[in-house]
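Q: Please give me a close look at the sheet in this model and what surrounds it. Keep it brisk, since I am new to this structure.

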Amino acid sequence: MKSYGNLYQRLCSYKNLEKAFRKARKGKSSKWYVKEFEKDLAGNLTLLKKELETMAYQPRPLKKFVIRDPKTRVIRKSSFRDRIIHHALVNVIEPIYERIFIFDSYANRMGKGTSAALKRFDIFKRKANRDGKGGKGIGYVFKADIKQFFDSVHHDTLIKIFEKKIRDKKVLWLITIIIKNFDSEEKGMPLGNMTSQFFANVYLNGLDYFVKHVLRMKCYLRYVDDFVIIHKQKEILEKCRHDITEYLKSIQLELHPQKSKIFLLYKGVEFLGFKTFYHYRLLRNRNIKRFKKRISKLKEQYDMNIVSQTQIYNSIQGWMAYAKGGNTFKLRKNLMKEVKNIFDKQLCIKGISK
């Protein structure tokens, strides 16, 4: 396996840090902490550069808060300066791992995402149909979820995985202090960090290879810790579940017992916010409720001058684009009527695509 050294100088370069700053700022340019950092951008980036070069850099404690959306989750966020460092690191090492990631890993990668994953799922479900002509959608799907994945990632195991590709000891030092900046010194990654999303793909890349090349499952795709395998024979998927369970033990993980099941394909599979049947796809009810709740909150924030018309427009447009991933024309039309009634004539939202 090819490994890579002499990366740290590029990571510490002012050019890379400036690029990392722009990525960290994206969508947050109005935040007070971004404006504060930007007041002396050159000075602040130079200071970060010096801290990295002298290996004096230390991440600040994570800010912790709880969200209920609908389940309760603890989110931990890094300070803005630390987020710049995260982007600087990923700028340098992501191209190395993109060469070895499988095609069917869809989270947090350029040109991938939920829409591409759902389209790929459609291709796989047709392959599983015996006669190839549609019908009910004969075949089975193993829909799996890794139990408490982000809280269960074993630090030393993740670092050993990085050591297989990264020979630069200074880069490994930076990776280690980012991983170890958590409540537990042994396991867990913060949900709010972009590095956690990238580290998740690195950690589970071995699982991807195991399923694709050892179990030889062609119709497999993964989105973070959710994955599906589609096959004509239920017995094959039962064996896959057993073998995957054993593999995950080797990296200190386990399947979620309630969320990892084998279904008949024609009964529909809940995946990435939709319930996908053979001939159509519907949004899950809780996602519709979440959108309505978001609109109510945006209305409150707009009345208090907390959000702008542009922010509201972008939020609604983004959700509508996501909802297009299913057979939701009538739903989107009805929801837009509700949005117009809520905002009355305060906003011009005619341009939002249905």
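A: Start with the helix on the sheet. In this predicted model, helix α10, residues 194–214, lies across β4 and β5. Strand β5 covers residues 226–231. The helix runs at about 170° to β4. An angle over 145 degrees counts as roughly antiparallel, so α10 and β4 are roughly antiparallel to each other.

Now the sheet itself. It is open and has four strands. Their order is β4-β5-β3-β6, and the pairing is antiparallel. The edge strands are β4, residues 220–223, and β6, residues 261–264. Each of these edge strands pairs on one side only. From one strand to the next, the twist averages 20°.

Take the pairs in that order. Strands β4 and β5 run antiparallel, and four bridges join them. Arg-222 has Phe-227 of β5 as its bridge partner. Leu-221 stands opposite Val-228, again in β5.

These two strands also form a hairpin, with two residues between the strands. Look at the turn. Val-224 sits in the loop between β4 and β5. Val-224 has a positive phi of about 55°, although it is not a glycine. Its relative accessibility is 10%. The cut-off for buried is under 20%, so Val-224 counts as buried.

Next comes β5 with β3. They pair in the antiparallel sense, over six bridges. Here Lys-143 stands opposite Val-228 in β5. Val-228 thus has Leu-221 opposite it and Lys-143 opposite it as well. Strand β5 is also well covered. Five of its six residues are buried, so β5 is largely enclosed by the rest of the structure.

The last pair is β3 with β6. Strand β3 spans residues 140–145. Four bridges join β3 to β6, and the two run antiparallel. Tyr-140 has Leu-264 as its bridge partner in β6.

Another loop beyond this sheet invites a look beside Val-224. Leu-272 is found between β7, residues 269–271, and β8, residues 274–276. Leu-272 is not a glycine, yet its phi is positive, at about 55°. Its relative accessible area is 14%, so Leu-272 is buried.

Now the aromatic rings. The model holds 21 aromatic pairs. One of them joins Tyr-97 and Phe-162. Their ring centres are 5.7 Å apart and their planes stand at 85°, so this pair is edge-to-face. Tyr-97 belongs to helix α5, residues 80–98, and Phe-162 to helix α8, residues 155–163. The pair therefore ties together parts that are 65 residues apart in sequence. Both ends are hidden. Tyr-97 has 2% relative accessibility, so it counts as buried. Phe-162 has 0% relative accessibility, so it too counts as buried.

A second pair brings us back to the helix on the sheet. The rings of Phe-149 and Tyr-203 have centres 6.4 Å apart and planes at 65°, so they are edge-to-face. Tyr-203 lies in α10, while Phe-149 lies in helix α7, residues 149–152, so the pair links parts 54 residues apart in sequence. Phe-149 and Tyr-203 are both buried. So the helix that lies across β4 and β5 also takes part in an aromatic pair with α7.

Rings gather elsewhere too. Phe-21, Trp-32, Tyr-33, Phe-37 and Phe-80 form one aromatic cluster.

Finish with two helices further along the chain. Helix α12 covers residues 285–303, and helix α13 covers residues 309–323. Their axes come within 11 Å and cross at roughly 175°. The two helices are therefore roughly antiparallel to each other. Among the α12 residues in their contact are Ile-288, Phe-291, Ile-295, Leu-298 and Tyr-302. Facing them in α13 are residues including Ile-312, Ile-316, Trp-319, Met-320 and Tyr-322. By class, the contact has ten nonpolar, three polar and one charged residues.

To recap the part you asked about: the sheet runs β4-β5-β3-β6. Helix α10 lies across β4 and β5. Strand β5 has five of its six residues buried.

How values were computed
Residues are numbered from 1 along each chain as its sequence is written. This is a predicted model: local features need pLDDT of at least 70, side-chain atom pairs count only at pLDDT 80 or more; totals for chains, interfaces and linings use all residues. Side-chain values use heavy atoms; hydrogens and water are left out. Two strands pair if DSSP finds at least two bridges between them. Axes are lines fitted to C-alpha atoms, for helices over the stretch in contact, and angles run from 0 to 180 degrees between N-to-C directions. Contact means heavy atoms within 4.5 Å. Angles under 35 degrees count as roughly parallel, over 145 as roughly antiparallel, 65 to 115 as roughly perpendicular and the rest as oblique. Ala, Val, Leu, Ile, Met, Phe, Trp, Tyr, Cys and Pro count as nonpolar, Asp, Glu, Lys and Arg as charged, and the others, Gly among them, as polar. Rings of Phe, Tyr and Trp (its six-membered ring) pair if their centres lie within 6.5 Å; planes under 30 degrees apart count as stacked, over 60 as edge-to-face and the rest as tilted. Buried means under 20% relative accessible area, exposed over 50%, partly exposed in between (1.4 Å probe, protein chains only).
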